[in-house]
Amino acid sequence: MRKKLMQQVIHSLFKVMETMFSPMAEKQKTTKVPSQAQPDPEEMKACRITFSGSFSGTIFLEISVNLLTAMTQNFPGRDPGHPSEELIEGLLKEALNIIAGDTLTQMDAASYTQLGLPEIVTSPCCDDMDETARFDTPNGSIAAHIKLA
């Protein structure tokens, strides 16, 4: 179950990145290459969302501050300039919310799954996770983690 869930998280992550951040999608093609390096937690922003239903757990999304700032600056309809911390964190939460919703719908569209509210957290320790996928991009890294209950 956890491997299938992680595969769907990765699929949803790339789908959301290409849909929400299409101007950056061409630059981010290298994100499909998994990274073995673990970035400095101080350079990352992390968010988590819980879910429950036929199976329960937590999905975490970590994005490097540089990449998250670039994503926020390139978000359609946003005023140019350096984005505030509130905008950056809001974008991270919304991206995770969409990724989690898409993931869980694709896993089992027939079952009801309750999705919690996304919340900013400190970078989770990979040793505590059931599955982790990390990708490098020209602007920084992205990591997705899952922890089943």
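Does Q8 count as buried or exposed, and at what relative accessibility? In this predicted model, Q8 counts as buried, with a relative accessibility of 15%. The legends below begin with this residue and then turn to other sites.

**Figure 1. Q8 and its surroundings in helix α1.** Q8 belongs to helix α1, which covers residues 2-20. Because buried means under 20% relative accessible area, the 15% computed for Q8 places this residue in the buried class. When neighbours within four places in sequence are set aside, the contacts of Q8 are D102, T103, Q106 and M107. Among these partners, D102, T103 and M107 are themselves buried residues of α4.

**Figure 2. Helix α1 along its length.** The helix is built from 19 residues, and the distance from its first C-alpha to its last is 26 Å. This span is close to the 27 Å expected at 1.5 Å a residue. L5, M6, Q8, V9, S12, L13, F14, V16, M17 and M20 are the buried residues of α1.

**Figure 3. The salt bridge between K15 and D102.** The side chains of K15 and D102 form a salt bridge with an N to O distance of 2.9 Å. K15 lies in helix α1 and D102 in helix α4 (residues 85-107), so the pair ties together parts that are 87 residues apart in sequence. K15 is partly exposed, its relative accessible area being 34%. D102, by contrast, is buried, with a relative accessible area of 16%. D102 is also one of the residues in contact with Q8.

**Figure 4. The salt bridge between E85 and K45.** In this pair, the closest N and O atoms of E85 and K45 are 2.2 Å apart. Distant parts of the chain are linked here: E85 is in helix α4 and K45 is in strand β1 (residues 44-52), with their positions 40 residues apart in sequence. E85 is partly exposed at a relative accessible area of 44%, whereas K45 is buried at 16%.

**Figure 5. The salt bridge between E62 and R134, and a salt-bridge network.** E62 and R134 form a salt bridge in which the closest N and O atoms are 4.0 Å apart. The two residues are 72 residues apart, E62 in strand β2 (residues 57-64) and R134 in strand β5 (residues 131-137), and the pair links distant parts of the chain. Both E62 and R134 are buried. Elsewhere, R2, K3 and E131 are joined into one network by salt bridges that share partners. The count of salt bridges comes to seven.

**Figure 6. The crossing of helices α3 and α4.** The axes of α3 (residues 65-73) and α4 come within 9 Å and cross at roughly 95 degrees. Since angles of 65 to 115 degrees count as roughly perpendicular, α3 is roughly perpendicular to α4. On the α3 side, the contact is made by L68, T69, M71 and T72, and on the α4 side by L87, I88, L91 and L92. By class, this contact has six nonpolar residues, two polar residues and no charged residues.

**Figure 7. Helix α4 and its packing partners.** With 23 residues, α4 reaches 33 Å from its first C-alpha to its last, close to the 33 Å expected at 1.5 Å a residue. The residues buried in α4 are I88, L91, L92, A95, L96, I99, A100, D102, T103, L104 and M107. These buried residues pack against the helices α1 and α3 and against the strands β1, β2, β3 (114-115) and β4 (119-121).

**Figure 8. D40 in the loop before strand β1.** D40 is located in the loop between α2 (22-25) and β1. With a relative accessible area of 38%, D40 is partly exposed. Although D40 and S64 are 24 residues apart along the chain, their C-alpha atoms are separated by 9.1 Å.

**Figure 9. The whole chain as context for the close-up views.** The protein contains four helices and six strands. From the N terminus on, these elements run α-α-β-β-α-α-β-β-β-β. Of the 149 residues in the protein, 45% are buried. Among contacts between residues at least 6 apart in sequence, 70% join residues at least 24 apart.

Methods: Residues are numbered from 1 along each chain as its sequence is written. This is a predicted model: local features need pLDDT of at least 70, side-chain atom pairs count only at pLDDT 80 or more; totals for chains, interfaces and linings use all residues. Side-chain values use heavy atoms; hydrogens and water are left out. Buried means under 20% relative accessible area, exposed over 50%, partly exposed in between (1.4 Å probe, protein chains only). Contact means heavy atoms within 4.5 Å. The expected span of a helix is 1.5 Å times one less than its number of residues. Axes are lines fitted to C-alpha atoms, for helices over the stretch in contact, and angles run from 0 to 180 degrees between N-to-C directions. Angles under 35 degrees count as roughly parallel, over 145 as roughly antiparallel, 65 to 115 as roughly perpendicular and the rest as oblique. Ala, Val, Leu, Ile, Met, Phe, Trp, Tyr, Cys and Pro count as nonpolar, Asp, Glu, Lys and Arg as charged, and the others, Gly among them, as polar.
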